[in-house]
Amino acid sequence: MSIIANFQIPYTQFLDHTGDVVQPLPEFALDCENLTPLYRAMVENRTFDAKAIALQRTGRMGTYASSLGQEAIGVGIGSIMREDDILVPSYREYGAQFWRGVRMKEILLYWSGDERSNNFENQKTDLPICVTIGAHPAHAVGVAYALKLRGKNQVAVCTLGDGATSKGDFYEAINAAGVWNLPLVFVVSNNQFAISIRYEQQTAAKTIAQKAIAAGFAGEQIDGNDVIAVRHSVDQALQKARRGGGPTLIEAITYRMSDHTTADDASRYRSKEELSEQWAYEPISRLRNYLIKKEAWTKDEEDTLIKNSAAIVQEEVDEYLNTPPREPSSMFDHLYENLPAAYAEQQAELMEKGSAHV
Amino acid sequence: MSEITLVEAINQALTYEMAHDPGVIVLGEDVGANGGVFRATLGLQEKFGEDRVLDTPLSEVLIGAMSIGMSVMKLRPVAEIQFSGFLYSNLDHIINHASRMRNRTQGRLSCPMVIRSPSGGGIHAPEHHSESPEAMFAHIPGIRVVIPSSPLRAYRLLLAAIRDPDPVIFLEPTRLYRLFKQEVPDNGKAELLDVCLTIREGRDITLVSWGAMMNEVQIAAETLSEEGIEAEIIDVATIKPLDMETILNSVAKTGRCVIVHEAPRSAGFGAEIAANLAEHALLSLFAPVCRVTGYDAVMPLARLEKSYIPSVEKIINAVKKTIAFA
Ligand SMILES: Cc1ncc(C[n+]2csc(CCOP(=O)(O)OP(=O)(O)O)c2C)c(N)n1
């Protein structure tokens, strides 16, 4: 017998959970000026999150999926993608969406149940949130194929959860991405849960990263709560893709600090103790600790940031709350580019009734 | 005896049948410790163990497809698809395999399996969580499509579906899950499949519906009754195969028919009933058959879903228009 192949899965972390540096930092991270924007974005994201939950709890918004504890992944991705790259997101990476121009107001509108939310004011090319789990990695394959064909060194970035990797669509997507050597970066937010289902119930594989190996391209694991690691690894993967080096799968290890959504009650399947232990590993305090140690962050700056974040979020919330409801007939407005005559009567019926809901 | 909700009746039926038939296996996403996102499978894993109440990895294709294999092996899988918007990826297995195994093997193998799935709108759920796909499934030869509309019927129809020797798509109206309670004796008594249920007698008009819309239909009938219009109400219950005889007998008596469903109008299941009436009841009809349905638009997100779902008023108007015709 001889061994014909051997594989290894690298793991990257720069800041441990206390904010200590565990290996030489990548170039961009040497200058704290480059890190404070990431810190600010994560804090804004968390402020947004708390507000969104409060809106749901007070009956002013529908079911909401929180990104609590996972902020580093979205922010890290958003901060390093090129403007003309394409994001094909799942739902927890608000940080990436915000960085790329999606408004907080739009995310609130989305979870309130209003289609206008997906018609982003400032972001015209990214795909909308994908709620059908694991359907979109294959969409990302198509996006990346188109980008490759056009030859402008753009890259598609697809975010998904650990649960999504159990779907056939996911395997089909990574397989094809490998076959065509596509400019595509998959970032799996492995938050240990798919609603109540734990990682071990989802897969017997030691890592999700290794699934990329089976598809013929590199897979790696990172500390998804270390925003420096996220930004660095995504950067490397994007550069590789732009050079024609093909796809990468990054498994970002994190932990879902929230219930699955506001409709879920995680206490049914995980203990308080488990959750409280995880607070030691969340992404924001470790970066703050690091910045404070480097004397790049003061108490004043922190206070200002908290105040400003609250103000930014509140402004978006106000705009959201003041958004008038859609006219019922608008359900036909974007059904087709031009509404076929066959449906004119139904649309007219809704118009006649206006908002009367009859 | 205490009264229970529709979702509790589902749970009661599953518990009963698992206790009486060791071949019954419940599988799906989050059906174990979490008891299902609607709690339909609450407590089952504790009672019957992880081998019979199976939390699957996140894959609807897997859930549907492995149910085919299990049922071929003479187990009785009762699969849960978390929302019917996630059933679509299963169509290949349902159409090409579950519904055809008996025919393909000329009776040697078969698929006595149930796929349960919450369906319909009206609960302010997120995107893709409010679908009404019954007509799509009704188009598939070889399967049954069953939709309960009360706790009692949910219990009895689900028992019948599990005991049925062929595949059943069992669509549970989320809007009714906790809307009202009813006494449901836990006696293992099943409802007959393949027959419509007449749940109110009336001489003036026949109202045909199923699932969540039965609620609005019943309210409409009570209101109409106060005005002297007596509607007969038929709960189709088993959409496929369709018991047209019950509907025809009723229309022979009333001469009028309004069909109500939440799903889009075009090629909705109401069209099948209307076509049958055109074929077989033309001479007993006083007025054109009328359909009150959802629109041919994508089911809107929560803020507009109320405008989409047919209202009591819309049903009443349709009835009055039909009666005014002749
Ligand atoms: C195809 C599909 N099946 C089921 C669901 C219901 N559902 C919503 S989120 C979820 C778990 C997703 O887990 P994961 O991919 O790990 O992402 P996370 O929510 O943990 O970020 C499930 C089962 C869905 N939305 N889509």
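**Exercise 1. In this predicted model, find how many salt bridges lie between domain 1 of chain B and domain 2 of chain B, then look at the one that B:Asp235 forms.**

Solution. Let's begin with the count: three salt bridges link domain 1 of chain B with domain 2 of chain B. Next, locate the domains, since the residue numbers tell us who belongs where: domain 1 covers 3-183 and domain 2 covers 197-324. Now zoom in on B:Asp235, whose partner is B:Arg153. Their closest N and O atoms are 2.9 Å apart, which falls within the 4 Å cut-off for a salt bridge. Finally, widen the search to polar contacts: 12 residue pairs qualify between the two domains.

**Exercise 2. Work out which elements of chain B give two or more residues to the side of domain 1 that touches domain 2, and what kinds of residues make up that side.**

Solution. Start with the elements: they are α6 (134-138), β6 (144-146) and α7 (151-163) of chain B. Of these, α6(B) gives the most, with four residues. Then sort the residues of this side by type: 16 are nonpolar, seven polar and five charged.

**Exercise 3. Describe how much area is buried between domain 1 and domain 2 of chain B, and name the domain 1 residues that lose the most.**

Solution. First, the total: about 2,000 Å² is buried between the two domains, and carbon and sulfur atoms give 58% of it. Second, the leading residues in domain 1: B:Ile147, B:Arg153 and B:Arg175 lose the most area to domain 2, together 25% of what that side buries. Last, connect this with Exercise 1: B:Arg153 is also the salt-bridge partner of B:Asp235.

Note on methods
Residues numbered from 1 in each chain as written. Chains lettered and ligands numbered in written order. Predicted model: local features only at pLDDT ≥ 70, side-chain atom pairs only at ≥ 80, totals over all residues. Heavy atoms only, no water. Domains from an automatic or database assignment. Buried area = accessible area lost by both parts, 1.4 Å probe. Salt bridge = Lys/Arg side-chain N within 4 Å of Asp/Glu carboxyl O. Polar contact = N/O pair within 3.5 Å; in protein donor to acceptor, adjacent residues only side chain to side chain. Nonpolar A, V, L, I, M, F, W, Y, C, P; charged D, E, K, R; others polar.
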